[in-house]
Amino acid sequence: MPLVAALLASGHAQAQQLPSLDSAIATATRWAAQADAGQADAMWKSSGPMMQKSVSSADWAKYLDGVKKQLGATQSRDWVQLGRVDNPQGLPPGQYLNVVFVARHATAPAVETVSLSQAGTNWVPVGYIVRPVQQQPAAPAPAAAPAAPAKPGK
């Protein structure tokens, strides 16, 4: 019986060590809000070492400035999808999560993806990709149907 109790306790302890999905969404939302506020330096400083090694603070600021110039101010943002990735190729082994948002900007809508890596009991931002959504031009209104010819009177 003590062995079962020990196994259950270790399972409970392990479950407590995994960061929650709610915390991932909150972290990603705060990070994207920093982009809206032009806080590129704060974003870079709070990112994981993997991101800091792959992009300089200055290049990160240029990327965000380019996004803002292209899309304008953010008007709204809603998360729409979470995607878990385990041990992706080309990255250090571990748990990763992508939080995908649909955002409305001044000039166009966009899909924004904040990538997070698991760091102990927290999620740490490691990437932010913004893809403008190409809007389809509105279909032309159908031409008015010609009026039916009048029926001759009797």
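A salt bridge is a side-chain nitrogen of Lys or Arg within 4 Å of a carboxyl oxygen of Asp or Glu. Keep that in mind for the first view, and remember throughout that this is a predicted model.

**View 1. Arg 77 and Asp 36 make a salt bridge.** Here the closest N and O atoms of Arg 77 and Asp 36 are 2.7 Å apart, so the pair meets the 4 Å cut-off. Side chains of opposite charge can pair when their charged atoms come close. Arg 77 belongs to strand S1 and Asp 36 to helix H2, so to speak two distant parts of the chain, 41 residues apart, that are linked by this pair. The structure holds 4 salt bridges, and the one between Arg 77 and Asp 36 is the one to look for here.

**View 2. Four strands form an open sheet.** Follow the order S1-S2-S3-S4, with antiparallel pairing. What is special about S1 and S4? They stand at the edges with a single partner strand each, so one side of each has no neighbour in the sheet. On average, neighbouring strands are turned by 20 degrees against each other, if you ignore direction.

**View 3. Bridges hold the strand pairs in register with named partners.** S1 and S2 run antiparallel and are joined by 11 bridges; one partnership to find is Gly 83 with Asn 98 in S2. Next come S2 and S3, antiparallel over 9 bridges, where Val 99 has Val 114 in S3 as its bridge partner. A hairpin joins S2 to S3 through 3 residues. Then S3 (residues 109–119) pairs with S4 over 10 bridges, again in the antiparallel sense. Look there for Ser 115, whose bridge partner in S4 is Gly 127, and for Ala 110, which stands opposite Pro 132 in S4.

**View 4. Two residues have a positive phi: Asn 87 and Gly 120.** Most residues other than glycine have a negative phi. Asn 87 is not a glycine, yet its phi is positive, about 50 degrees. You'll find Asn 87 in the loop between S1 and S2. Gly 120 takes a positive phi near 65 degrees, and sits in the hairpin of S3 and S4, which has 2 residues between the strands.

**View 5. Helices H2 and H5 lie across the strands.** H2 crosses S1, S2 (95–105), S3 and S4, running at about 50 degrees to S4. H5 lies across S2, S3 and S4, and runs at about 40 degrees to S4.

**View 6. The largest pocket is lined by 17 residues.** Its volume is about 190 Å³. Which residues lie nearest the centre of the pocket? They are Ala 35, Asp 36, Leu 64, Val 67 and Lys 68. You already met Asp 36 as the salt-bridge partner of Arg 77. Helix H2 (21–36), helix H5 (57–71), strand S1 (74–86) and strand S4 (122–132) each give two or more residues to the lining, and H5 gives the most, with 6 residues. By class, the lining has 8 nonpolar, 4 polar and 5 charged residues.

**View 7. Val 55 touches two tryptophans, Trp 44 and Trp 60.** Val 55 lies in the loop between helix H4 (49–54) and H5. Trp 44 is 11 residues away from Val 55 along the chain, and their C-alpha atoms are separated by 8.9 Å.

Key:
Residues are numbered from 1 along each chain as its sequence is written. This is a predicted model: local features need pLDDT of at least 70, side-chain atom pairs count only at pLDDT 80 or more; totals for chains, interfaces and linings use all residues. Side-chain values use heavy atoms; hydrogens and water are left out. On a 1 Å grid over the protein atoms alone, a cavity is a set of points where a 1.4 Å probe fits but cannot get out, and a pocket is an open set with protein on both sides within 12 Å along at least five of seven lines; lining residues have an atom within 4 Å of a point. Grid points are joined across faces, edges and corners, and a volume is the space filled by probe spheres set on the points. Ala, Val, Leu, Ile, Met, Phe, Trp, Tyr, Cys and Pro count as nonpolar, Asp, Glu, Lys and Arg as charged, and the others, Gly among them, as polar. Two strands pair if DSSP finds at least two bridges between them. Axes are lines fitted to C-alpha atoms, for helices over the stretch in contact, and angles run from 0 to 180 degrees between N-to-C directions. Contact means heavy atoms within 4.5 Å. Lists of a residue's contacts leave out its neighbours within four places in sequence.
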